[in-house]
Amino acid sequence: MTALVVDRIGLLVTNDETVGEGRLGIVRDAAVVIEDGSVVAVVPAGAAGDERLDAAGACVIPGFVDSHTHPVFAGDRSAEFAARMAGRPYAAGGIHTTVAATRSASEPELRAGLRRRVAEAHRGGTTHLEAKSGYGLTVEHELRLLRLAGEITDDTTLMAAHVVTAERAGAAEEYVDLVCGAMVEAAAPLARWIDVFCERGAFDGDQTRRVLEAGQAAGLGLRVHAAQLGPGPGVQIAVELGAASADHCTHLTGADVDALGGSTTVATLLPASDFSTRQPYPDGRRLVDAGATVALATNCNPGSSFTTAMALCIALAVRDCGLTVEEALWAATAGGARALRRDDIGRIAPGARADLALLDAPSYLHLAYRPGMDLVLATVARGALVWARPGP
Ligand code: NIG
């Protein structure tokens with residue numbers, strides 16, 4: 001067995017209170033011993049191993065868990081972004097532009113684009129990505145996107161209920177029938193989750209419920225896009241059906257906050273999309289104070305949030321959603337793991353997957369304190385170095 005030791009870590013965040021101090025499980029002057037892609041021990045600095053990665057006193061954190069992305073697409077919507085910044089509101093209609101571009105792209109083109117985004121995510125310290133379909137909207141095209149997502153990313157989600165496809169405009173119920181029938185049936189072997197955009201202009205409460213129940217019957221876990229552009233029934237449905245996550249949560253009612261606070265449904269905040277669509281930011285403070293489990297994710301997609309930068313999401317969550325840096329870092333790592341109902345990621349402890357990021361910083365505080373800076377020196381995913389900043 002070959003051991004990799006990440007040594008001379010000045011400050012290690014383990015997210016495990018049995019390994020270190022406090023909720024972040026902090027250990028100082030540590031080394032992490034890795035074998036066969038998993039963490040086998042957290043020990044004092046100076047441990048021996050066949051291979052050694054020298055952190056030289058830097059801070060090491062669990063790799064980011066990006067639990068909400070739409071990364072399989074073609075085309076460019078920068079002009080839509082510019083128009084939005086000039087005053088036009090964000091509307092889900094832009095999704096059709098990406099659907100057209102994605103359908104006409106070849107599989108190698110889509111694969112190459114997805115690989116670029118995943119490599120970019122690794123450079124930013126992300127080691128686990130959930131990836132949604134949703135830019136195909138026919139059985140054939142949705143399956144193509146799920147297959148690609150499954151080749152390259154970690155958790156796949158059927159999101160055929162993104163918008164009603166243009167070919168069935170005005171026939172939403174017919175499209176929902178297709179999603180609940182042929183699409184769910186064909187996609188179930190390729191996906192772990194099903195997701196619905198519950199929003200005015202996309203799917204209403206009854207349609208959302210139908211899609212989720214069809215997915216559940218086929219063995220898929222549930223996720224919901226809820227209260228992104230305005231209040232709606234999404235959070236209540238998510239909680240009632242035991243969804244793993246209600247995502248966006250930008251326009252919550254008091255009842256939504258209470259429901260999330262009293263449930264196992266994670267509130268996943270996507271502040272980079274509120275940034276890029278000039279929406280208000282979700283009230284993360286209120287959710288945490290109500291007892292909700294909060295996750296942070298990028299929502300990487302070509303329309304509302306074209307970024308894979310989890311550090312940006314942390315900075316926004318601290319600056320604009322009212323989270324402390326500790327809460328935001330936990331949400332971007334352990335919170336994402338909870339949102340995906342996994343206990344093998346989001347922490348650095350014996351038995352967990354060896355996913356971690358070495359920061360060019362003495363403390364994780366720099367993730368929010370130095371916004372926009374490229375702070376990741378190296379990223380290790382499943383025990384392998386997937387990114388290392390070239391030397392000076
Ligand atoms: O989460 N809200 C729905 N889906 C994406 C946006 C997709 C797009 O505009 O292409 C989101 O923001």
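## The ligand shell

A residue is near a molecule if one of its heavy atoms lies within 4 Å of it. In this predicted model, 15 residues surround the ligand. R77, Y90, Y135, Q228 and S304 come nearest.

The shell holds 4 nonpolar, 10 polar and 1 charged residues. Here Ala, Val, Leu, Ile, Met, Phe, Trp, Tyr, Cys and Pro count as nonpolar, Asp, Glu, Lys and Arg as charged, and the others, Gly among them, as polar.

## Polar contacts

A polar contact with the ligand is a pair of N or O atoms within 3.5 Å. The side chain of Y90 has an N or O atom 2.5 Å from a ligand oxygen. For R77, a polar side-chain atom lies 2.6 Å from an oxygen of the ligand. For H70, the distance from a side-chain N or O atom to a ligand oxygen is 3.5 Å.

The ligand taken alone exposes 320 Å² (Shrake-Rupley method, 1.4 Å probe). The protein buries 100% of that area.

## Two domains

An automatic or database assignment sets the domain bounds. Domain 1 covers 4-63 + 348-388, and domain 2 covers 65-339. Their centres, taken over C-alpha atoms, are 29 Å apart. The contact (heavy atoms within 4.5 Å) takes 24 residues from domain 1 and 19 residues from domain 2.

## How to read the values

Residues are numbered from 1 along each chain as its sequence is written. Local features need pLDDT of at least 70, side-chain atom pairs count only at pLDDT 80 or more, totals for chains, interfaces and linings use all residues, and side-chain values use heavy atoms, with hydrogens and water left out.

Definitions and conventions
A polar contact is a pair of N or O atoms within 3.5 Å; within protein, one must be able to donate a hydrogen and the other to accept it, and residues adjacent in sequence count only if both atoms are side-chain atoms.
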